[in-house]
Amino acid sequence: MKKTSTRLADGRELIYYDAGDDRVRDAVDRRPLDPTVTTSEVRRDPLLGDSVAIASHRQGRIYHPPADECPLCPSSGDRLSEIPESSYDVVVFENRFPSLAGDSGRCEVVCFTSDHDASFADLTEAQAALVLEAWTDRTAELSHLPSVRQVFCFENRGAEIGVTLGHPHGQIYGYPFTTPRTALMLRSLAAHKEATGGANLFDDVLAREIADGSRVVLSSEHWVAFVPYAAHWPYEVHLYPRRRVPDLLGLDEGARTEFPQVYLELLRRFDRIFDEGNGGKDGAAEPPTPYIAAWHQAPFGPLEEFEGVNRDDFALHLELFTIRRTSGKLKFLAGSESGMNVFINDVPPETAAQRLREVASS
Ligand SMILES: [Zn+2]
């Protein structure tokens with residue numbers, strides 16, 4: 001893998017990740033961009049104790065551009081995009097409309113391929129391996145920024161999730177604090193350690209799922225994927241490396257090598273979940289399954305607010321879920337979910353796991 005770092009016309013950083021070691025990336029961004037002015041502010045809610053990023057500049061961002069104006073395609077001729085080169089393998093750059101910036105963290109965009117019409121599930125294993133290298137490298141780089149406490153690599157896929165650009169891409173958020181969901185997990189981890197005299201909650205959950213088996217979706221030498229016992233979403237899968245590591249940097253060679261195959265298989269199964277449905281409204285072909293893929297990694301820095309828990313106790317894992325509950329119907333976060341944070345899930349986790357095993361590719 002070769003990494004080449006450059007700057008866009010407005011000073012934002014852009015990094016090429018190339019499979020070939022001999023790639024030369026020297027194209028210059030010729031757009032007349034003004035230096036980016038971002039005004040992101042993190043405000044703390046006094047009642048809930050959580051934080052909200054107020055980012056008013058995002059209102060001006062590009063919304064569903066036509067394919068020939070895609071800012072994530074490579075530049076060609078006079079059509080200048082965010083990527084100055086005429087082709088790329090994987091590229092990462094600072095978001096022009098970040099939710100978090102400066103002292104409040106950092107937001108990056110990851111383009112998985114230069115092919116506008118592909119999706120992650122269409123990538124080859126070699127391409128997916130390069131994306132994993134980029135995620136891992138960005139996690140390491142962002143962890144060195146003083147404003148970043150936790151690194152979150154994720155993909156929103158599908159217009160139903162609110163994706164405004166069709167080009168296959170994900171994002172990386174560097175948060176200036178430990179996120180509420182991670183804090184909840186760390187508290188559960190601390191309580192379990194205390195109650196059991198030192199057992200690790202992640203290890204126990206994974207062992208229980210493997211022993212039970214009814215919710216296991218996929219199991220390989222280095223990875224296990226299952227629908228959690230109390231899944232929040234209609235179709236939700238958690239993917240864990242068998243050997244617990246706190247972040248992407250900790251993955252060993254075996255897990256790293258096997259990841260593309262396992263993850264691509266999971267994504268392809270997600271695209272088949274609703275295949276036997278009604279074909280969507282008016283019999284039209286249904287758009288591909290919308291999903292969110294979210295990497296959970298340990299925060300960086302000391303965790304003294306979570307008594308007795310170390311970084312190494314955390315288990316890196318990926319949570320993959322769709323907001324579609326059945327053909328043509330979305331799960332909305334309505335009164336109970338949005339108002340009270342209590343999820344109502346119409347699909348029993350065991351049924352979801354059964355469906356995700358049925359649609360295996362072989
Ligand atoms: Zn594109």
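Hi everyone, let me start with charge: this protein chain carries 38 positive and 56 negative side chains, and the centres of those two sets lie 2 Å apart. Before I go on, please keep in mind that what you see here is a predicted model.

Now to the fold. We have six helices and 15 strands in the chain. The radius of gyration comes out at 21 Å, close to the 21 Å that the globule rule gives for 362 residues, so the chain is as compact as a globular protein of that length. If you prefer dimensions, the C-alpha trace spans about 60 × 55 × 45 Å along its principal axes.

What about the inside and the surface? Of the 362 residues, 52% count as buried. On the outside, the chain exposes about 17100 Å², and carbon and sulfur atoms supply 51% of that area.

I also looked at how the contacts are spread along the sequence. Taking contacts with a separation of 6 or more, 64% of them are between residues 24 or more positions apart.

Next, the domains. How does the domain assignment divide the chain? It gives domain 1 as 2–37 + 52–175, so to speak in two pieces of sequence, and domain 2 as 180–358. Taken over C-alpha atoms, the centres of domain 1 and domain 2 are separated by 25 Å. The two domains do touch: domain 1 puts 25 residues into the contact, and domain 2 puts in 32 residues.

That's my tour, thanks for listening!

Technical notes: Residues are numbered from 1 along each chain as its sequence is written. This is a predicted model: local features need pLDDT of at least 70, side-chain atom pairs count only at pLDDT 80 or more; totals for chains, interfaces and linings use all residues. Side-chain values use heavy atoms; hydrogens and water are left out. Helices (H or I, at least four residues) and strands (E, at least two) are DSSP runs, numbered from the N terminus. The radius of gyration is taken over C-alpha atoms; the globule rule is 2.2 Å times the number of residues to the power 0.38. Buried means under 20% relative accessible area, exposed over 50%, partly exposed in between (1.4 Å probe, protein chains only). Contact means heavy atoms within 4.5 Å. Accessible areas come from the Shrake-Rupley method with a 1.4 Å probe; for residues, only the protein chains shown count as cover. Lys and Arg count as positive and Asp and Glu as negative; His and the chain ends are not counted. The place of a charge is taken as NZ of Lys, CZ of Arg, CG of Asp or CD of Glu. Domain bounds come from an automatic or database domain assignment.
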